[in-house]
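Trainee: Got a minute? I'd like to go through this structure with you.
Mentor: Sure. Put it up and ask away.

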Amino acid sequence: KQWYQRRVRGPTDRRPLRLTLLNIYLSSGDATLLERAVSFLNDPLSTFNYSDVYRVIPGDWPISLIEPFVYRSLTGVSHQYRSARIRKGLEEVEWCRARLQHVQLSGRVVKVTSGTYCSFCYKAFTEPNCSVSVEGEVVHVGCLPNVS
């Protein structure tokens, strides 16, 4: 049944289920279940929402008891932060490229004569106001928002 569910519905997020199991282990008070909770947390294949786990683990537990879990959580947060910074940097580069292209196109001299037509609506220019689209086509100022 699980194979069928994974295959048909795709992978499911089991973090809430794992957190419930961890709560059961911790609330029992049994020493063997507490040992299982520690090994469950320290298992490298277990994935948890770290902030939820930090709320439920007992405050009297030493950090050394769950050191692998703490290390994994800090590594994950650090990775998310660095990934966000890289993503932001790439978006800024893309914005700069678009801005450069806009400046290059807007700095271009466009000569509008009586035989010049709008590339979007194919009507002649009756006044000197015109715009240049991203593709470099001369269009009416009112036609510019419609050009893709």
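Mentor: One term before we start. Accessible areas here come from the Shrake-Rupley method with a 1.4 Å probe. Also, this is a predicted model.
Trainee: Okay. How much area does the chain expose, and what share comes from carbon and sulfur?
Mentor: About 11400 Å² is exposed. Carbon and sulfur atoms supply 57% of that.
Trainee: And what percentage of the residues count as buried?
Mentor: 22% of the 148 residues.
Trainee: What's the fold made of, helices and strands-wise?
Mentor: Five helices and two strands. The order along the sequence is α-α-α-α-α-β-β.
Trainee: What share of the contacts is long-range, say 24 or more positions apart?
Mentor: 38%, counting contacts with a separation of 6 or more.
Trainee: Switching to the inside. Which residues touch the most other members in the largest nonpolar core?
Mentor: L22, L41, F48, V53, I57, W61 and I66. The core has 15 residues in total. Helices α2 (15-28), α3 (31-42) and α5 each give two or more residues to this core.
Trainee: Is there a general trend behind that?
Mentor: Yes. In soluble globular proteins, nonpolar side chains tend to be buried together.
Trainee: Take L41. What is in contact with L41, leaving aside neighbours within four places in sequence?
Mentor: L22, F48, V53, I57, W61, I66, F69 and R72.
Trainee: What lies apart from that largest core?
Mentor: Another core, of six residues. C118, F125, V138 and C143 are among them.
Trainee: New topic: pockets. What's the volume of the largest one?
Mentor: About 160 Å³. Eleven residues line that pocket. H102, V132, S133, V134 and L144 lie nearest its centre.
Trainee: Which element gives the most to the lining?
Mentor: Helix α5, residues 67-106, with four residues.
Trainee: And how does the lining divide by residue type?
Mentor: Six nonpolar, four polar and one charged.
Trainee: Last one. What's odd about the phi of Y122?
Mentor: The value is positive, near 60 degrees, and Y122 isn't glycine.
Trainee: Where does Y122 lie?
Mentor: In the loop between α5 and β1 (131-132).
Trainee: Buried or exposed, then?
Mentor: Exposed. Y122 has a relative accessible area of 64%, and the cut-off for exposed is over 50%.

Terms used: Residues numbered from 1 in each chain as written. Predicted model: local features only at pLDDT ≥ 70, side-chain atom pairs only at ≥ 80, totals over all residues. Heavy atoms only, no water. Buried < 20%, exposed > 50% of the residue type's maximum accessible area, 1.4 Å probe, protein only. Contact = heavy atoms within 4.5 Å. 1 Å grid on protein atoms, 1.4 Å probe; cavity = no way out; pocket = protein on both sides within 12 Å on 5 of 7 lines; lining within 4 Å. Points joined across faces, edges and corners; volume = space filled by probe spheres on them. Nonpolar A, V, L, I, M, F, W, Y, C, P; charged D, E, K, R; others polar. Core = buried A, V, L, I, M, F, W, Y, C linked by side-chain atoms within 4.5 Å.
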